[in-house]
Amino acid sequence: LGDQEVSVLCHLLSNPTFKSNIETDFNRLANVICQDSNTYLFENRLFETIWNNHLSQLKETNSLNFVEGFISKLSQGMEKEFELNNFQMAFYAIKGNTALHQGLSTLRDQFISHAIHKLSKSKDVFQETRLFSWLLRSLYYVCQKKSSAKDERLSKSVNELAKHLKKTTSLDKQLFTSFFLLYSIVYQDKLEYLLAHYVVLRQMGIPSDDISPGVISVIEKSLEDGFHGFNNAFDTVIQSFSQLSGGVTDSILELYIHFSVRLTKDNEVGTKLFVRSVSEFYTNCDSFIGKKDSIFTVINCYKSLLITKNWLFPQFCMESLFPLSLKLNIASVCQKHENNDDIFVATTQLLSSILLFHRYRLSNRHHLINTSLCTLLGLISENSKYGLTHTSARSLARLINNFCEPSNISNNNSTKSSLTSKVSAIKRPLRKYLPVL
C-alpha cells in the first residue's frame, strides 16, 4: 500500500465498524503491515489506528478477544526463531499505553528479553547494521518510560555492545544514534562523560534532534539526585566557551541551552553559574560568530528566559545583554558577509524584550540604552557597507518605538490607573535623554 492508500484507510477506520477483515483478522492485518516498504520503521499508522480502536473498547467481547488473540500469537512467535515481522508488530502494540491490558505488560517484558538476547548472541553487529539499529532504537522507545529501565540484563548488553563499537571502524550514523539513545537510559556515571559522547557524535554529523532526547533525559535524571552533578556538568560546559573551535561550537552551545532552561530558583549555585555564563558568552562570542544558527538559538533562549525565568537575570546580568548585542553585531559585520540582517534582527529583538518586560529596571539606565541605539543607528546609516537592509531598519525602528513609547513596565498586576501613572513617570525623563538620538 502507498501513502495515499494508507491515508484513505486510516480516514475510513477513524470511524471503525469492527467488521472488516483487516479489523478482525490477525493474518490479514499482519500481511498488510509487514510489507518490505515498512521494514525498520518505528510507527505504522494503519496498525496503530486499528489497535487503538480495539483498545478503546476493551469492554466489548469482540475487541477483547482480538487484542488477547493478537498478543497470544505475537508471544508465541517471539518464542520461536527470530523473525523481524513478529518483533515489529509486538513493538507497535506495546509502544503505547501498556497499562490498558495485563497482557501488554507481559508482552513488553518478553519483547525486551528477546531483543536483548538477539543483541547479545550476535557475533558481529555490523553485518546487519539496519536490523541492530532498529532493535536498539525500539528498546529505547520501550524502556525509556519503564521503571525497570535499569534492568541488569539491559545494562550488561549495552556495555558489551559498547566494547564492540570501540573496536569498529564503521561510522554508521543510524547505529550510533540508536546506541547512544539506549545507552542514555542505562547510564549512571558522571554526566560530563556522556556530554563528551554527545559532542563526538555531533562532530560525526549526527543531527542534534536525533540524539538530544538522550542527553536531556540524563540531565533531568541527574536533577533527581540533587544539584551537585548537574552544576558540575554545567560549569564544565561554561568553561568550554573559552576553548571552542569550529567543530564543537554547535554541540557545546546546544548543551548550554539544555542546562540553562532546566535551572530552577532553588538551585542557587546553578543560578550564579548562569550569570557567569552570560559574561563568558560575551567574552568569547566573537570567536564563534560564524556559527550563526547556534548564536540565534542562544539569543532566543535568553529572550525566553527573560520572560519565563526573569530571576536568572540580576541587574548586572541583564544590562550586560546590551554590550553583548553590540559586540555580536560588530563582529558579524566585520565578517563582510553580503547580508547581516539575521544577527542584527535577533539582537534588536532581544533588546526589545528587555524594554518590554524589564523597563522598570532601566529607569536610570538611559545612557546604556542611548549608547546601544546610537551604535546600531551608526551601523544602519552605512547599511550597504555592512550588509544590512530594510529588514534591519524595521527591526531597529521597533526597538526605538519600544523605547520611546513604553507600554509594559509593571512587574506585578497593577491597576489601569497605576499603569498609566507609571507610563507617564517613564516618559517624563525621556524628554531629557531622547535628543541624544
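**Exercise 1. Find which exposed residues sit on the face of α5 turned away from its buried side, then describe the helix around them.**

Solution. Start with the outward side: the face of α5 turned away from its buried side carries Thr61, Asn62 and Glu79, which are exposed (over 50% relative accessible area; buried is under 20% and partly exposed in between, with a 1.4 Å probe and protein chains only). Bear in mind that this is a predicted model, where local features need pLDDT of at least 70, side-chain atom pairs count only at pLDDT 80 or more, and totals for chains, interfaces and linings use all residues. Residues are numbered from 1 along each chain as its sequence is written, and side-chain values use heavy atoms, with hydrogens and water left out.

Next, check the length. Helix α5 covers residues 61-79 (helices are DSSP runs of H or I with at least four residues, numbered from the N terminus). Its 19 residues reach 27 Å from first C-alpha to last, close to the expected 27 Å (1.5 Å times one less than the number of residues).

Now turn to the buried side, made up of Ser63, Phe66, Val67, Phe70, Ile71, Leu74, Gly77 and Met78. Seen down the axis of α5, these fall within an arc of 130 degrees, so they line one face of the helix (the arc is that of the directions from the helix axis to the C-beta atoms).

Finally, look at the cover: it includes α2 (21-24), α3 (26-33), α4 (45-55), α6 (84-94) and α7 (102-121) (contact means heavy atoms within 4.5 Å).

**Exercise 2. Work out how many residues of α10 are buried, and what happens at the start of the helix.**

Solution. First the span: the 14 residues of α10 (173-186) should cover 20 Å, and the end C-alpha atoms are indeed 20 Å apart. Then the burial: 12 of the 14 residues are buried, so to speak a mostly covered helix. Among them are Leu175, Phe176, Phe179, Phe180 and Tyr183. At the start of α10, a side-chain oxygen of Asp172 reaches to within 3.3 Å of the backbone nitrogen of Gln174.

**Exercise 3. Which parts of the chain do the salt bridges of Arg276, Asp250 and Lys292 link?**

Solution. Begin with the total: the whole structure holds 7 salt bridges (a side-chain nitrogen of Lys or Arg within 4 Å of a carboxyl oxygen of Asp or Glu). Take three in turn.

- Arg276 pairs with Asp235 at 2.2 Å, N to O. Arg276 lies in α15 (268-284) and Asp235 in α13 (228-239), so the pair ties together parts 41 residues apart in sequence. Arg276 is partly exposed, at 33% relative accessibility.
- Asp250 pairs with Lys291 at 3.9 Å, N to O. The bridge links distant parts of the chain, with Asp250 in α14 (249-260) and Lys291 in the loop between α15 and α16 (292-308), 41 residues apart. Asp250 is partly exposed at 23%, as is Lys291 at 27%.
- Lys292 pairs with Asp342 at 3.3 Å, N to O. Lys292 belongs to α16 and Asp342 to α18 (341-357), so this pair ties together parts 50 residues apart in sequence. Lys292 counts as buried at 14%, whereas Asp342 is partly exposed at 30%.

**Exercise 4. Where is Phe18 found, and what is the sign of its phi?**

Solution. Locate the residue: Phe18 is in the loop between α1 (3-13) and α2. Then read the angle: its phi is positive, about 60 degrees, although Phe18 is not a glycine. For context, most residues other than glycine have a negative phi.

How values were computed
Helix = DSSP H or I, 4+ residues; strand = E, 2+ residues; numbered from the N terminus. Polar contact = N/O pair within 3.5 Å; in protein donor to acceptor, adjacent residues only side chain to side chain.
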